[in-house]
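Visitor: I'd like to go through this one with you and ask how each label is earned. Can we start with the structure on screen?

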Amino acid sequence: MTEQQQYGLLRTIDSPEDLRALPPEKLPQLAAELRAFMVDSVSQSGGHFAAGLGTVELTIALHYVFDTPSDPLVWDVGHQAYPHKILTGRRDRLGTIRQKDGLSAFPCREESRYDAFGVGHSSTSISAALGMAIAASLDKRDSHAVAIIGDGGITGGMAFEALNHAGCLDANLLVVLNDNEMSISPNVGALNNYLARILSSKFYSSMREGSKQLLSGVPSVWELARRAEEHVKGMVAPGTLFEELGFNYIGPIDGHDLDILVTTLRNLRELKGPRFLHIVTKKGKGFGPAEKDPVAYHGVGAFDPSKDHLPKAKPGTPTYTEVFGQWLCDMAEQDSKLLGVTPAMREGSGLVEFEQRFPDRYFDVSIAEQHAVTVAAGMACEGYHPVVAIYSTFLQRGYDQLVHDVALQNLPVLFALDRAGLVGPDGPTHAGAFDHSYLRCIPNMVVMAPADENEARQMLYTGYMHQGPAAVRYPRGRGPAVAVDKKMSALPLGKGEVRREGQHIAILAFGSMVTPALAAGEQLGATVVNMRFVKPLDEALIQQMAQSHDLIVTVEENVIAGGAGSGVQEYLHSQGIVKTVLNLGLPDIFVEQGGREELLALVGLDADGIRKSIESRLQAM
């Protein structure tokens with residue numbers, strides 16, 4: 001069978017307008033082809049997988065019922081948006097997703113007019129969609145903004161802030177809760193589907209409003225009716241909370257039943273004000289291995305869809321994440337006061353073994369970074385020593401708490417910052433490009449950047465033993481394959497080390513940049529320093545390098561603005577030391593997706609790029 005024959009119907013859909021021209025009876029065939037196309041494409045290119053398989057029918061139904069893009073769809077995070085991309089003119093480019101110059105891993109306003117809002121971090125969809133609904137109301141436009149959020153995303157505090165605000169407005173907002181954790185048995189599902197049709201219909205809505213008007217003059221009777229309605233709805237649908245927030249709650253319904261989805265969404269589109277639709281889906285729907293293990297199939301590399309398992313990772317040196325996970329377990333064995341905290345990143349941050357071995361000391365606070373930071377502060381107040389395992393990009397969401405709840409009180413909380421620097425395929429929303437800048441300006445903070453795997457382990461120990469807030473930031477993936485010493489030793493605070501002696505040029509390298517700096521230093525005959533500490537800086541070593549070299553070069557995998565290199569210049573200026581300084585780091589742009597090494601070369605932070613930048617400056621001196 002040719003691809004044209006296999007995806008005959010899907011090939012006719014180049015926009016939602018084409019989709020809306022289909023008769024309803026064709027939608028199940030389209031869903032089957034769309035799901036098969038996703039399996040074929042993502043198995044070759046890699047990408048986010050299980051979540052998108054679970055939203056195939058929902059995506060079709062939303063674009064079928066709503067007038068997109070006039071009715072904006074806002075996807076939370078965007079892991080589930082691959083079907084959306086396929087149906088909005090990007091089908092033939094799906095194989096380029098997460099690659100340099102290819103499709104973004106997430107919805108992106110610059111990529112398509114159907115991507116109403118750029119996303120990448122969780123729990124933002126309701127706020128953004130509400131803002132769009134308010135704007136439509138002010139412009140007197142008859143449009144409906146739709147936020148699609150998962151059961152994980154809705155646990156974020158920002159989602160509840162938005163729900164609380166929306167409930168007191170008349171803006172035309174529909175929130176779709178994609179619940180892929182609970183299951184519905186056939187009988188219960190049929191009952192809820194029937195109730196959804198009734199509760200979302202004009203007949204029910206008009207009866208409800210008419211009853212309110214009729215009984216409004218008899219407060220005691222109306223109160224009885226209101227309570228009776230809440231009692232009945234509370235028995236058959238878990239919607240009382242959302243009703244109390246001011247939403248018309250419908251569901252839960254089967255999110256894989258196109259007929260019920262289309263019917264319910266059509267009914268809801270005829271209603272006004274804030275509405276809440278609760279659907280139940282299955283992650284990995286239609287692809288057996290992903291249904292069985294949606295965590296493993298959340299984000300995948302290339303794989304063989306004919307096999308029931310993903311390819312095994314090639315043996316090699318441990319990743320930085322694995323180094324952290326092992327250190328955490330080893331440290332927990334030594335200190336019963338150690339607690340592990342993560343905002344729903346158990347697998348990504350390397351906490352699986354820790355949870356298994358120390359379940360009473362493991363705390364997954366769900367997607368709630370602000371809470372993760374402050375709950376750790378509370379633990380530290382009571383004599384415990386929490387370790388917050390979090391991606392660099394996600395700590396940005398808890399910055400106020402980091403400043404006021406941890407650093408201001410000088411509490412011993414250790415932050416293990418994974419995915420520091422460029423992350424590659426996930427693009428700018430996930431890059432840890434700013435932590436040098438936003439951490440070093442906070443009093444009481446100690447900030448470290450390891451040059452290799454063993455140094456990462458020793459820095460984690462150093463930060464843990466420090467009686468105040470500390471952060472260790474390390475990149476995604478593997479390091480330069482340095483053997484990890486089981487023994488843990490604290491590094492002298494704020495002290496760097498000279499890795500290579502040279503002349504004229506001193507390269508002060510931070511963290512992941514030490515390895516390429518050493519390679520560049522060999523070619524240039526330069527001194528290379530592993531600075532180790534972003535804060536406190538080794539001021540004595542900086543002064544020594546300035547006095548004995550003609551050019552000081554700082555190299556970091558962080559934005560240049562306000563980064564570690566800025567700190568070096570600030571110190572030299574404060575001492576009245578006039579010296580030519582070249583700051584190398586990430587440029588003042590959001591670096592797009594691609595392979596991590598590919599992107600480092602693109603911004604001049606590989607060995608060749610560092611050498612060329614230094615040679616260019618030498619020519620200008």
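Guide: Sure. This is a predicted model, and the secondary structure of the protein chain comes to 26 helices and 19 strands. Of its 621 residues, 56% count as buried.

Visitor: What share of the contacts join residues at least 24 apart, taking contacts between residues at least 6 apart in sequence?

Guide: That share is 76% in the protein chain. As for the surface, the chain exposes about 25500 Å², and carbon and sulfur atoms supply 53% of that.

Visitor: How do you know that the span of helix α15 agrees with what a helix should give?

Guide: Helix α15 covers residues 320–334, which is 15 residues. The expected span is 1.5 Å times one less than the number of residues, so α15 should span 21 Å, and its end C-alpha atoms are indeed 21 Å apart.

Visitor: And what makes α15 largely enclosed by the rest of the structure?

Guide: Buried means under 20% relative accessible area. Eleven of the 15 residues of α15 are buried, so the helix is largely enclosed. Among them are Tyr320, Phe324, Trp327, Leu328 and Met331. The buried residues pack against β8 (338–342), α16 (352–357), β10 (385–391), β11 (414–418) and α21 (453–465).

Visitor: Why is glutamate 243 called buried?

Guide: Its relative accessibility is 18%, and the cut-off is under 20%, so glutamate 243 counts as buried. Glutamate 243 is found in helix α12 (residues 240–244). Its C-alpha atom is separated by 9.3 Å from that of arginine 275, and the two residues are 32 apart along the chain.

Visitor: Why are α22 and α26 called oblique to each other?

Guide: Helix α22 (residues 514–524) and helix α26 (residues 607–620) pack at an angle of about 50°, with their axes 8 Å apart. Under 35 degrees would count as roughly parallel, and roughly perpendicular runs from 65 to 115. The angle of α22 and α26 fits neither, so the pair is oblique. The contact is made by residues including Pro516, Ala520 and Leu524 of α22 and Ile610, Arg611 and Ile614 of α26. The crossing of α22 past α26 is right-handed.

Visitor: What makes α23 and α24 roughly perpendicular, then?

Guide: Helix α23 (residues 539–548) and helix α24 (residues 564–574) pack at about 75°, with their axes 11 Å apart. Angles of 65 to 115 degrees count as roughly perpendicular, so α23 and α24 get that label. Where they meet, α23 brings Glu539, Ile542, Gln543 and Ala546, and α24 brings Val568, Tyr571 and Leu572.

Conventions
Residues are numbered from 1 along each chain as its sequence is written. This is a predicted model: local features need pLDDT of at least 70, side-chain atom pairs count only at pLDDT 80 or more; totals for chains, interfaces and linings use all residues. Side-chain values use heavy atoms; hydrogens and water are left out. Helices (H or I, at least four residues) and strands (E, at least two) are DSSP runs, numbered from the N terminus. Buried means under 20% relative accessible area, exposed over 50%, partly exposed in between (1.4 Å probe, protein chains only). Contact means heavy atoms within 4.5 Å. Accessible areas come from the Shrake-Rupley method with a 1.4 Å probe; for residues, only the protein chains shown count as cover. Axes are lines fitted to C-alpha atoms, for helices over the stretch in contact, and angles run from 0 to 180 degrees between N-to-C directions. Angles under 35 degrees count as roughly parallel, over 145 as roughly antiparallel, 65 to 115 as roughly perpendicular and the rest as oblique. A crossing is left-handed if the near helix is turned anticlockwise from the far one by less than a right angle, and right-handed if clockwise.
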